[in-house]
Amino acid sequence: MESQNPSFDPITDATAKTGEEGSENDVCVPIYSSSEVLGKLQEKWKSVKKIPYPAMYSSIFGGITLDPSLMVIPIDDHMVHRGHGIFDTAMIVNGYLYELDTHLDRFLRSASKAKVASPFPRSTLRTILVKLAAASHCKKGSLRYWLSAGPGDFLLSPAGCPTSAFYAVVIDDDFSQCKEGVKAITSTVPMKTPQFATMKNVNYLPNVLSKMEAEEKGAFASIWVDDDGYIAEGPNVNVAFISKSKELLLPKFDKILSGCTARRLLALAPKLVEQGILSSVGTGDITLEQAKGSAEAMYVGSGLPILPIIAWDEQPVGDGKVGALTLALSDLLWEDMIAGPETHRLRIPYM
Ligand SMILES: Cc1ncc(COP(=O)(O)O)c(C=O)c1O
């Protein structure tokens, strides 16, 4: 059935007329044809000046679309209604995919922990991601991808989801090296147990609430402390500290996400030890008191790669200014992202 008035907005029009919530009869709920639905979805994107999502892959239709209105996931997908899916992100930096293989390895480890079988072997997943990045023409941004138990029914068991699904999207983002310091808070939102924190599954509600708590308190993000009183991580970032005696220390990865950026930092930072800038580099158990007493603190994560923390729970970290060693580590990672060895950067074969 064709609808009569496609520009009618059922909620605002009914409310505008009466000044209050419309009764059941006032609310028009059109039944649209497929082409009308597509038209509606495309209308939304027409008003957007620069479309942020240049390309998406979906195993549901087995290819790439450049039309953002079609970048959708089936509502009966087990990832949508039960959170049965995992994801990862790799950055696109000046036409290269940074650390794609490291992210892909973690992606498959997460999939195994979440009992999601991939519809394709690793090599096919990788080829799809590289071709998607090429088709997007994006030079700077991120590539996000998901493995899901797939569509089927709405039950708790995935037994009715015959084929798992793979989705990926490119997001344009003109990110740059973070040089300004931010505030952090200690999170009061309970952190995930190690079983769930060590896999990058789509259940990020604790992370969202923890980030919101920080923003409500005027901070950039939070820091979790685990049940044993040791520093864990931020809601979508790892954390690192520099002691007064210039030791770089990160929490161990046994109860938190093994951050690809944090791992790369640990691999690169010994260069600063050789140069006498740092005294040592390592991971360990870090108490809240020890962390707060650091000379410098920072968030570490893919899109940053380093973000200096200058205040924590309203108290300055060190002298309350962005630290020189934090900036040296930031330069080290940034240089690796834009001009590092091609074992860690994959040139995107744009078409
Ligand atoms: C909970 C959590 N911790 C840490 C990180 C940092 O990981 P990476 O450096 O791989 O982005 C992320 C982001 O992926 C995350 O979601």
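Here are some short exercises, with worked solutions, on a predicted model.

**Exercise 1. Get your bearings: how is the protein divided, and what does it span along its principal axes?**

Step 1. Start with the domains: domain 1 covers 10-46, domain 2 covers 55-172 and domain 3 covers 182-339. The C-alpha centres of domain 1 and domain 2 are 32 Å apart.

Step 2. Now the outline. The C-alpha trace spans about 75 × 50 × 40 Å along its principal axes, and the protein holds 11 helices and 15 strands.

Step 3. Finish with burial and contacts. Of the 351 residues, 38% count as buried. Among contacts with a separation of 6 or more, 69% link residues 24 or more positions apart.

**Exercise 2. Find the largest nonpolar core and work out where it lies.**

Step 1. Pick out the core: it has 85 residues, and Leu97, Ala133, Leu143, Ala168, Ala240, Tyr299 and Val300 have the most contacts inside it.

Step 2. Ask which element supplies the largest share. That's strand β6 (residues 165-172), with 6 residues.

Step 3. Place the core. Domain 2 (55-172) and domain 3 (182-339) both contribute residues, so the core lies between them.

Step 4. Set this beside the general pattern: in soluble globular proteins, nonpolar side chains tend to be buried together.

**Exercise 3. Zoom in on Ala168: is this residue buried or exposed, and what does it touch?**

Step 1. Locate Ala168: it's in strand β6.

Step 2. Count its surroundings. There are 23 other C-beta atoms within 10 Å, and the cut-off for buried is 20 or more, so Ala168 is buried.

Step 3. List the contacts. Setting aside neighbours within four places in sequence, Ala168 is in contact with Met56, Tyr57, Ile128, Leu129, Leu132, Leu143, Arg144 and Tyr145.

Step 4. Try another core residue, Ala133. Not counting residues up to four places away in sequence, Ala133 touches Ile92, Leu97, Cys138, Leu143, Val170 and Ile348. Notice that Leu143 turns up here and in the list for Ala168.

**Exercise 4. Trace the strand pairings around β12 and say how enclosed β12 is.**

Step 1. Check burial. In strand β12 (residues 296-300), 5 of the 5 residues are buried, so the rest of the structure largely encloses this strand.

Step 2. Split β12 by face. Glu296, Met298 and Val300 sit on one side, Ala297 and Tyr299 on the other, and all are buried. In a regular strand the side chains alternate between the two faces of the sheet.

Step 3. Find the partners. Strand β9 (residues 238-242) runs antiparallel to β12, joined by 5 bridges, with Phe241 partnered by Ala297. β13 is also antiparallel to β12, over 4 bridges, and Tyr299 stands opposite Leu307 there. β12 and β13 make a hairpin with 5 residues between them.

Step 4. Carry on from β13 (residues 306-312): it pairs in the parallel sense with β7 (residues 182-186) over 3 bridges, and Ala184 faces Trp312. β7 in turn runs parallel to β8 (residues 221-223), again with 3 bridges, where Thr186 stands opposite Ile223.

**Exercise 5. Describe the shell around the ligand: which residues and classes make it up?**

Step 1. Name the residues: Asn207, Glu233, Asn236, Val237, Asn238, Leu257, Gly259, Cys260, Thr261, Ala262, Gly301 and Ser302 surround the ligand.

Step 2. Sort them by class: 4 are nonpolar, 7 polar and 1 charged.

Step 3. Look for the element that gives the most. That's helix α8 (residues 260-268), with 3 residues.

Note on methods:
Residues numbered from 1 in each chain as written. Predicted model: local features only at pLDDT ≥ 70, side-chain atom pairs only at ≥ 80, totals over all residues. Core = buried A, V, L, I, M, F, W, Y, C linked by C-beta atoms within 7 Å. Buried ≥ 20, exposed ≤ 12 C-beta atoms within 10 Å, placed from the backbone. Helix = DSSP H or I, 4+ residues; strand = E, 2+ residues; numbered from the N terminus. Domains from an automatic or database assignment. Contact = placed C-beta atoms within 7 Å. Near = placed C-beta within 6 Å. Nonpolar A, V, L, I, M, F, W, Y, C, P; charged D, E, K, R; others polar. Pairing = 2+ DSSP bridges.
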